[in-house]
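Visitor: I am new to this structure. Please take me on a close look at one part of it, the nonpolar core and the aromatic rings that go with it, and then show me what else stands out.

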Amino acid sequence: MASDTPESLMALCTDFCLRNLDGTLGYLLDKETLRLHPDIFLPSEICDRLVNEYVELVNAACNFEPHESFFSLFSDPRSTRLTRIHLREDLVQDQDLEAIRKQDLVELYLTNCEKLSAKSLQTLRSFSHTLVSLSLFGCANIFYEEENPGGCEDECLVNPTCQVLVKDFTFEGFSRLRFLNLGRMIDGVPVESLLRPLNSLAALDLSGIQTSDAAFLTQWKDSLVSLVLYNMDLSDDHIRVIVQLHKLRHLDISRDRLSSYYKFKLTRKVLSLFVQKLGNLMSLDISGHMILENCSISKMDEEAGQTSIEPSKSSIMPFRALKRPLQFLGLFETSLCRLTHIPAYKVSGDKNEEQVLNAIEAYTEHRPEITSRAINLLFDIARIERCNQLLRALKLVIMALKCHKYDKNIQVTGSAALFYLTNSEYRSEQSVKLRRQVIQVVLNGMESYQEVTVQRNCCLTLCNFSIPEELEFQYRRVNELLLSILNPTRQDESIQRIAVHLCNALVCQVDNDHKEAVGKMGFVVTMLKLIQKKLLDKICDQVMEFSWSALWNITDETPDNCEMFLNFNGMKLFLDCLKEFPEKQELHRNMLGLLGNVAEVKELRPQLMTSQFISVFSNLLESKADGIEVSYNACGVLSHIMFDGPEAWGICEPQREEVEERMWAAIQSWDINSRRNINYRSFEPILRLLPQGISPVSQHWATWALYNLVSVYPDKYCPLLIKEGGMPLLRDMIKMVTARQETKEMARKVIEHCSNFKEENMDTSR
């Protein structure tokens with residue numbers, strides 16, 4: 001099972017400081033600019049963590065607002081020290097790098113920072129004397145500058161028509177630089193002249209860059225240990241250069257087989273050359289390549305027995321010459337991954353769960369196009385088979401969804417996979433912390449994408465959680481997202497149905513403060529609009545029934561929400577639904593349950609005192625719909641109205657005595673052992689009808705309700721009645737002269753039931 005270990009003190013303090021910057025680390029200058037408190041001095045371990053966690057929070061936490069001048073906190077290296085920072089997406093702008101230009105950075109990763117322009121190239125020179133690792137992956141505009149400085153609007157920074165390519169920048173002076181990632185650099189950047197000043201590169205990533213002449217790579221043949229040429233259109237000339245890089249330990253020439261047509265085809269000869277010439281090779285990725293010749297041995301010649309990673313038994317013929325198994329071999333979307341004996345400890349491919357998880361792990365950060373297809377394979381495994389590495393799978397999908405919050409394909413496949421990875425079959429293996437991480441990324445997806453498939457997948461995944469308990473830590477956010485989905489103009493029925501179900505579950509069994517807060521978000525109005533739309537379409541489906549059920553739950557002991565229901569024409573919708581759908585029993589039960597909540601509010605009862613409403617409630621006393629539920633709830637509504645006394649009966653028809661007789665008749669017709677489709681959290685609204693003599697029938701209804709519930713569900717309702725002080729109220733009621741004899745008899749039976757229950761469950765252990 002996954003661990004539920006608490007967060008470290010460092011993590012908690014970092015999070016708190018970042019959420020309360022101007023109250024902890026800094027103060028606001030001119031109510032805008034953040035400045036570090038003068039008495040604070042922070043070492044690099046803390047500064048690096050603050051910056052990197054800040055980036056994570058901005059990208060992953062919905063309730064975290066980035067601060068425009070955050071990086072100014074680290075402008076002075078005398079009080080703060082930055083050494084290793086990872087920045088990503090549109091969060092980072094030119095002025096942010098400029099703010100930290102005095103820092104002695106050793107490692108700077110900039111990933112998909114498309115708002116950076118050529119101004120940041122000049123800032124990079126400030127770090128030239130200390131920088132060892134640099135990534136500019138996906139920083140598409142960093143080699144662009146304004147054609148007429150001052151002549152364009154700010155938006156020109158991301159509009160190449162207003163910009164010119166910078167061709168005179170080089171890495172001159174970056175004497176310590178060993179690791180460089182220029183992946184997905186914009187076309188036209190002169191890579192060879194850019195890199196020429198670097199004398200001792202150890203790792204180079206040129207993913208997505210096309211160069212016909214790779215001879216310049218040989219200048220690092222004695223130092224380069226890692227080379228990534230993902231999606232570079234290779235040729236025999238490239239291969240001749242690569243095999244001269246004899247120090248290589250990691251070589252990646254993989255490609256996305258769907259992105260475009262590549263003329264180059266891998267052959268047995270090329271693979272043999274790699275093995276012969278690159279003796280230090282520990283990791284090789286040839287994913288996506290078409291193998292021109294048959295590199296595998298025949299089935300007849302294949303070694304029998306258990307799967308082996310020994311090179312001598314390799315099913316891939318050229319790899320039999322390896323001195324040792326590779327640490328990693330990338331074979332995703334190649335035919336080779338399906339062979340039996342592969343000489344590598346870790347293989348990415350599509351043959352089985354292990355290979356698929358390796359692929360997600362290897363490609364998530366920089367290759368979302370590959371990752372989405374790998375997650376799709378994981379989805380099939382989780383859906384059709386059983387996922388054997390559940391925790392690893394969940395963590396990898398969460399990481400992919402966090403890393404590519406705005407990538408539609410990742411969000412679609414990832415949210416679909418999460419649905420199957422979080423179902424009840426796997427629940428016992430998942431910690432609270434891990435399940436909360438799932439909820440966070442699901443809500444991020446719902447927030448970022450209005451696309452139908454993502455929304456449906458996310459809603460379905462939320463259904464796998466215990467509601468409301470597991471969603472309570474994000475209660476407000478999840479309700480806001482669901483209400484936005486339930487905009488009646490949206491036509492997707494499946495999403496509406498799931499979202500209404502979730503809304504209903506979220507307001508069931510929560511405290512009144514939560515219900516009031518959700519009511520103020522527009523919950524009541526949204527449900528009424530959904531009902532109105534269904535009425536217009538003359539459709540009574542699950543959305544209609546769930547909407548009334550949700551209203552029933554959210555109005556329970558919540559007067560403000562009850563009032564909102566009345567103010568927004570709730571009673572008219574009730575009457576219209578009753579007329580349009582006379583045979584829909586569950587609908588009637590939900591509507592009457594809701595009106596029971598409204599009737600419990602003394603200040604609102606006068607609005608129910610009309611001839612039309614009282615006649616409808618009286619007629620429903622004789623309803624046999626859903627067992628006794630509709631009749632019971634109608635009687636409950638009338639009991640509270642009767643409780644206000646004869647002087648509050650402000651109508652001529654029907655007469656109070658006539659309604660009272662029909663109520664007695666209805667109660668006497670019910671089976672006391674009826675099983676109920678109702679859930680009381682408190683007996684307070686019922687108990688208040690006991691100590692009064694103004695309406696004996698209301699008193700009788702309340703006593704019958706208690707007798708039924710403690711008889712049929714003693715374990716649940718006997719303790720509740722005792723806890724809420726019902727026993728003395730019943731005893732006092734028995735002494736009342738105005739109480740009917742049959743009511744008193746029933747009260748005695750309730751007391752007897754609860755007394756027996758109390759004795760049976762008394763703890764006698766010593």
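Guide: What follows starts at the core, moves on to the rings, and ends with some notable backbone spots. Keep in mind that this is a predicted model.

Start with the largest nonpolar core. It has 157 residues, and Trp548 and Phe574 touch the most other members. Helix H26, residues 696–712, gives the largest share of this core, with nine residues. In soluble globular proteins, nonpolar side chains tend to be buried together.

Now look at Phe574. Which residues does Phe574 touch, not counting those up to four places away in sequence? They are Trp548, Met591, Leu592, Leu595, Val616, Phe617 and Leu620. So Phe574 touches Trp548, and Trp548 is itself one of the two residues that touch the most other core members. Apart from this core lies another, of 101 residues. Leu21, Leu134, Cys139 and Leu180 are among its members.

Next, the rings. The whole structure holds 21 aromatic pairs. One of them is Phe143 with Phe169. The pair is edge-to-face, with 6.2 Å from centre to centre and 75 degrees between the planes. Phe143 lies in the loop between strand S5 (133–135) and strand S6 (144–146), and Phe169 in the loop between strand S7 (163–165) and strand S8 (179–181), so the pair ties together parts that are 26 residues apart in sequence. Both Phe143 and Phe169 are buried.

Another pair brings us back to Trp548. Its partner is Phe565. The ring centres are 6.1 Å apart and the planes stand at 70 degrees, so this pair is edge-to-face. Trp548 belongs to helix H18 (residues 542–554) and Phe565 to helix H19 (residues 559–567), so the pair ties together parts 17 residues apart in sequence. Trp548 counts as buried because its relative accessibility is 0%. Phe565 is buried too, with a relative accessible area of 0%.

Rings also gather in a group. Tyr54, Phe64, Phe70, Phe71 and Phe74 form one aromatic cluster.

Some rings have a charge over them. Arg436 lies over the face of Phe473, 4.4 Å from the ring centre. The charged end of Arg676 sits over the ring of Tyr632, at 3.9 Å from its centre.

Turn to a buried loop residue, Thr364. Its loop runs between helix H8 (353–363) and helix H9 (368–384). Thr364 counts as buried because its relative accessibility is 2%. A polar atom of the Thr364 side chain lies 2.5 Å from the backbone oxygen of Ile360. Leaving aside neighbours within four places in sequence, Thr364 is in contact with Thr371, Met399, Ala400, Cys403 and His404.

Last, the backbone. Ile467 and Pro468 are joined by a cis peptide bond, with omega about 10 degrees. Pro468 is in the loop between helix H13 (452–462) and helix H14 (475–485). The bond from Glu653 to Pro654 is also cis, with omega near -10 degrees. Pro654 lies in the loop between helix H23 (629–642) and helix H24 (656–669).

Asn112 has a positive phi, near 55 degrees, and is not glycine. Asn112 sits in the loop between strand S4 (107–111) and helix H4 (118–124). Glu333, not a glycine either, has a positive phi of about 55 degrees. Its loop is between strand S13 (326–330) and strand S14 (344–348). Glu333 counts as buried, at 14% relative accessibility.

Technical notes: Residues are numbered from 1 along each chain as its sequence is written. This is a predicted model: local features need pLDDT of at least 70, side-chain atom pairs count only at pLDDT 80 or more; totals for chains, interfaces and linings use all residues. Side-chain values use heavy atoms; hydrogens and water are left out. A nonpolar core is a set of buried Ala, Val, Leu, Ile, Met, Phe, Trp, Tyr and Cys residues joined through side-chain atoms within 4.5 Å. Buried means under 20% relative accessible area, exposed over 50%, partly exposed in between (1.4 Å probe, protein chains only). Helices (H or I, at least four residues) and strands (E, at least two) are DSSP runs, numbered from the N terminus. Contact means heavy atoms within 4.5 Å. A polar contact is a pair of N or O atoms within 3.5 Å; within protein, one must be able to donate a hydrogen and the other to accept it, and residues adjacent in sequence count only if both atoms are side-chain atoms. Rings of Phe, Tyr and Trp (its six-membered ring) pair if their centres lie within 6.5 Å; planes under 30 degrees apart count as stacked, over 60 as edge-to-face and the rest as tilted. A charge sits over a ring if NZ of Lys or CZ of Arg is within 6 Å of the ring centre and within 35 degrees of the ring normal.
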